Amino acid sequence: MNIIGPDKLVFGVDDVDACKQFALDYGLKDAGDNHYVALDGTGIEILAKDDASLPAPLQSGSMLRKTIYGVADQATLDAITEELSKDRDVKTLDDGSIEATDDVGFVLGFQVTVRQPLELAAEAINAPGAEPQRGVNKIGVSKDFTPKPRSLSHVVYFVPDIEKAEAFYAERLGFVTTDRFTDTGPFMRPGGTQDHHTLFFLKTPPFMQGVEHFTFHMGGPTEVSQAGYALMEKGYQSFWGPGRHIFGSNWFWYFKSPFGCNIEYDADMDLHDENWEPREAQPGADNSQVFLLKATEKWAPGGPGEKPLPR
């Protein structure tokens, strides 16, 4: 099925004002009507937890109430409706999207994607032995530049039964497993993207079921670092990073958020097709990251400013 990736995550939160401010500080644009979006129009919707329009919450109380996937066309939407209607209720909503629940309890939506094509350059570097990617007299960084999230990348679920979850997304929706942490969970991508993953499961006890983090793609590692540094300067707590993952090769920086989960910046994720052979590794720091950096406040060798930045 030609599912492209997540278009929107819908949250029902305790503190609406704090979540909206966080979304703006993270770099998303206020698109009105409680929507906060990246440059391609994908994003999040922030509602109060008791908003009547929201699907019922998980028993765990997770603030993530719905994951809406963008699909290529109406034919794909019809195919998903036909497939899922075999054994569950599939609602067609007023906006033409459909809504159903997966085999482990997450509410899903599907719509013809709102994702807009982007024509933006990736981060360019110069390196000995290679043709310059950034020409003469072209500067690489500016302190006045404000990086913007480009596209909703992926979501990570806490799931008690990863085998059941993986089977649903693979057999019913055509997702492909690209890599796996043993006894922890698979990285998966739908058929309409070559991104290493748009979905990852982490095995947890039932009382923890929910969302561990969600992520937006940035234009490169400098944008991840510059956006993360700016977020930390605003007082938000760094959770993990900056660093670079092994599975997916993406640069990362995670932060605590008022959405009851972490949020990440990522960049430069691997692309895969049907020729890719999935890898498997034991979970742990050695198999998760090539390196992990730690920021400290310092402006010059030997200069003042040894105070650790907020983390």
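Contact here means heavy atoms within 4.5 Å. This report describes a predicted model and moves from the protein chain as a whole to two of its helices and one of its strands.

**Overall architecture**

The protein chain contains five helices and 18 strands. Its radius of gyration is 20 Å, close to the 19 Å that the globule rule gives for 311 residues, so the chain is as compact as a globular protein of that length. Along the principal axes, the C-alpha atoms fill a box of roughly 65 × 45 × 40 Å. Of the 311 residues, 49% count as buried. The chain exposes about 15,200 Å², and carbon and sulfur atoms supply 52% of that area. Among contacts with a separation of 6 or more, 68% are accounted for by residues 24 or more positions apart.

**The nonpolar cores**

In soluble globular proteins, nonpolar side chains tend to be buried together. In this model the largest nonpolar core has 58 residues, and Phe11, Ile44, Phe110 and Tyr169 are those with the most contacts inside it. Another core, of six residues, lies apart from it; Val156, Phe187, Phe200 and Ala281 are among its members.

**Helices α3 and α2**

Helix α3 spans residues 162–171, and its buried residues are Ile162, Ala165, Glu166, Phe168 and Tyr169. Seen down the axis of α3, these residues fall within an arc of 160 degrees, so they line one face of the helix. The N-terminal end of α3 is capped by Asp161, which places a side-chain oxygen 3.4 Å from the backbone nitrogen of Glu163. Tyr169, already named for its contacts inside the largest core, touches residues that include Tyr69, Asp102, Leu108, Tyr157, Met188 and Phe201, not counting residues up to four places away in sequence.

Helix α2 covers residues 74–84, with Thr76, Leu77, Ile80, Glu83 and Leu84 buried. These cover an arc of only 130 degrees around the axis, which puts them on the same side of α2. Ala75 and Glu82, on the other side of α2, are exposed. An α-helix has 3.6 residues a turn, so residues three or four places apart point the same way. The buried residues of α2 pack against β1 (3–13), β5 (64–71), β7 (98–101), β8 (107–112) and α3.

**Strand β13**

Strand β13, residues 210–217, includes Thr215, and His213 is found in β13 as well. Residues under 20% relative accessible area are taken as buried. Thr215 counts as buried at 0% relative accessibility, and His213 counts as buried at 5%. Each has a polar contact through its side chain, as listed below.

| Side chain | Partner side chain | Distance |
|---|---|---|
| Thr215 | Glu264 | 2.6 Å |
| His213 | His154 | 3.3 Å |

Neighbours within four places in sequence are left aside in what follows. Thr215 is in contact with Tyr26, Ser151, Leu152, Ser153, His154, Glu264, Tyr265 and Asp266. His213 is in contact with His154, Val155, Val156, Tyr254, Cys261, Asn262, Ile263 and Glu264. His154 and Glu264 thus appear among the contacts of Thr215 and also among those of His213. Val156, a contact of His213, is one of the residues in the core of six.

Technical notes. Residues are numbered from 1 along each chain as its sequence is written. This is a predicted model: local features need pLDDT of at least 70, side-chain atom pairs count only at pLDDT 80 or more; totals for chains, interfaces and linings use all residues. Side-chain values use heavy atoms; hydrogens and water are left out. Buried means under 20% relative accessible area, exposed over 50%, partly exposed in between (1.4 Å probe, protein chains only). Helices (H or I, at least four residues) and strands (E, at least two) are DSSP runs, numbered from the N terminus. The arc is that of the directions from the helix axis to the C-beta atoms. A polar contact is a pair of N or O atoms within 3.5 Å; within protein, one must be able to donate a hydrogen and the other to accept it, and residues adjacent in sequence count only if both atoms are side-chain atoms. A nonpolar core is a set of buried Ala, Val, Leu, Ile, Met, Phe, Trp, Tyr and Cys residues joined through side-chain atoms within 4.5 Å. The radius of gyration is taken over C-alpha atoms; the globule rule is 2.2 Å times the number of residues to the power 0.38. Accessible areas come from the Shrake-Rupley method with a 1.4 Å probe; for residues, only the protein chains shown count as cover.
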